[in-house]
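User: Got a model open here and I'd like to walk through it with you. Can you take a look?

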Amino acid sequence: MLIYIHGFNSSPASSKAQLLKARLEALGRGAEFAAPALPYSPARAAELLDALLKRHPGAALVGSSLGGYYATYFAEKYGLKAVLLNPVVRPYELLAPHVGRQKNLHTGEEYDFTTQQVAELRSLEVDRISPEHYLLIAATGDEVLDYRAAAARYQGCRQIVIEGGDHGLSDFGNYGDAVIEFCGASEPEKH
């Protein structure tokens, strides 16, 4: 099972999630893909992901931006492989100035992002990582995050640093197969 974890104000309808789903379907592995719509509360998002991972032990994770932060928490908790796409390293610092009214970029839904949710993010911080669990894909042209913070945080992990690019990884199609291979989902399931 490959579980895609979307970022802040994103959704399972993101282009990266859809590309991975289509690629897995082409490999005959479409039933082994999940991309849950996460609640805006980090604590509730963590509960949802934890329940999903308990139903699919040994799943691999692909986390984009804030989803990379969540993926790190669960990769360490359960010893899972995780691909991190332009992950945010300290979301509680990045998002603290954005407390207030928010709008989901995909659904248009509006909601309040609160100081309580910032605290919930901090509670998911992982002190140390196991480098062998991760593949980092980061773009030097990310207009939202400094890729160097992720490169330093995930030092010792396998890394693909893309010269240029953007936060949404608009050229993600070039890396989908590397993601799937790292997650161990490149071979059709044998019955």
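User: Which residue in E8 stands opposite isoleucine 137?
Analyst: Isoleucine 160 does. Keep in mind that this is a predicted model.

User: How many bridges join E7 to E8, and do they run parallel or antiparallel?
Analyst: There are 5 bridges between E7, residues 134-139, and E8, and the two strands run parallel.

User: And what's the strand order in the sheet?
Analyst: It goes E2-E1-E3-E4-E7-E8, an open sheet of 6 strands with parallel pairing. E2 and E8 (158-162) are at the edges with a single partner strand each, so one side of each has no neighbour in the sheet.

User: Which helices lie on it? Start with H1: which strands does it cross?
Analyst: H1 lies across E1, E2, E3 and E4, and its direction is at about 165° to E1. Helix H3, residues 66-78, also packs on the sheet. H3 touches E1, E3, E4 and E7, and makes about 150° with the direction of E3.

User: Back to H1. Which of its residues are buried?
Analyst: Lys16, Ala17, Leu20 and Leu24. They cover an arc of only 100° around the axis, which puts them on the same side of H1.

User: Why would residues spaced like that point the same way?
Analyst: An α-helix has 3.6 residues a turn, so residues three or four places apart end up pointing the same way.

User: What do the buried ones pack against?
Analyst: Strands E1 (2-5), E2 (33-34), E3 (60-64) and E4 (82-85), plus helix H7 (176-182).

User: And which exposed residues are on the face turned away?
Analyst: Ser15 and Ala26 are the exposed residues carried there.

User: How far apart are the end C-alpha atoms of H1, against what you'd expect?
Analyst: They're 16 Å apart. The helix has 12 residues (15-26), and at 1.5 Å a residue that should span 16 Å, so the two agree.

User: What follows H1?
Analyst: Glycine 28, with a positive phi near 75°.

User: New topic: glutamine 102. Buried or exposed?
Analyst: Buried, because its relative accessibility is 14% and the cut-off for buried is under 20%. Glutamine 102 is in strand E5, residues 100-103.

User: What does its side chain reach?
Analyst: The side chain of glutamine 102 reaches the backbone oxygen of histidine 98, at 2.8 Å.

User: Which residues further off in sequence does glutamine 102 touch?
Analyst: Leaving out residues up to four places away, glutamine 102 touches Phe8, Asn9, Glu109, Glu110, Tyr111 and Phe113.

Terms used:
Residues are numbered from 1 along each chain as its sequence is written. This is a predicted model: local features need pLDDT of at least 70, side-chain atom pairs count only at pLDDT 80 or more; totals for chains, interfaces and linings use all residues. Side-chain values use heavy atoms; hydrogens and water are left out. Helices (H or I, at least four residues) and strands (E, at least two) are DSSP runs, numbered from the N terminus. The expected span of a helix is 1.5 Å times one less than its number of residues. Buried means under 20% relative accessible area, exposed over 50%, partly exposed in between (1.4 Å probe, protein chains only). The arc is that of the directions from the helix axis to the C-beta atoms. Contact means heavy atoms within 4.5 Å. A polar contact is a pair of N or O atoms within 3.5 Å; within protein, one must be able to donate a hydrogen and the other to accept it, and residues adjacent in sequence count only if both atoms are side-chain atoms. Two strands pair if DSSP finds at least two bridges between them. Axes are lines fitted to C-alpha atoms, for helices over the stretch in contact, and angles run from 0 to 180 degrees between N-to-C directions.
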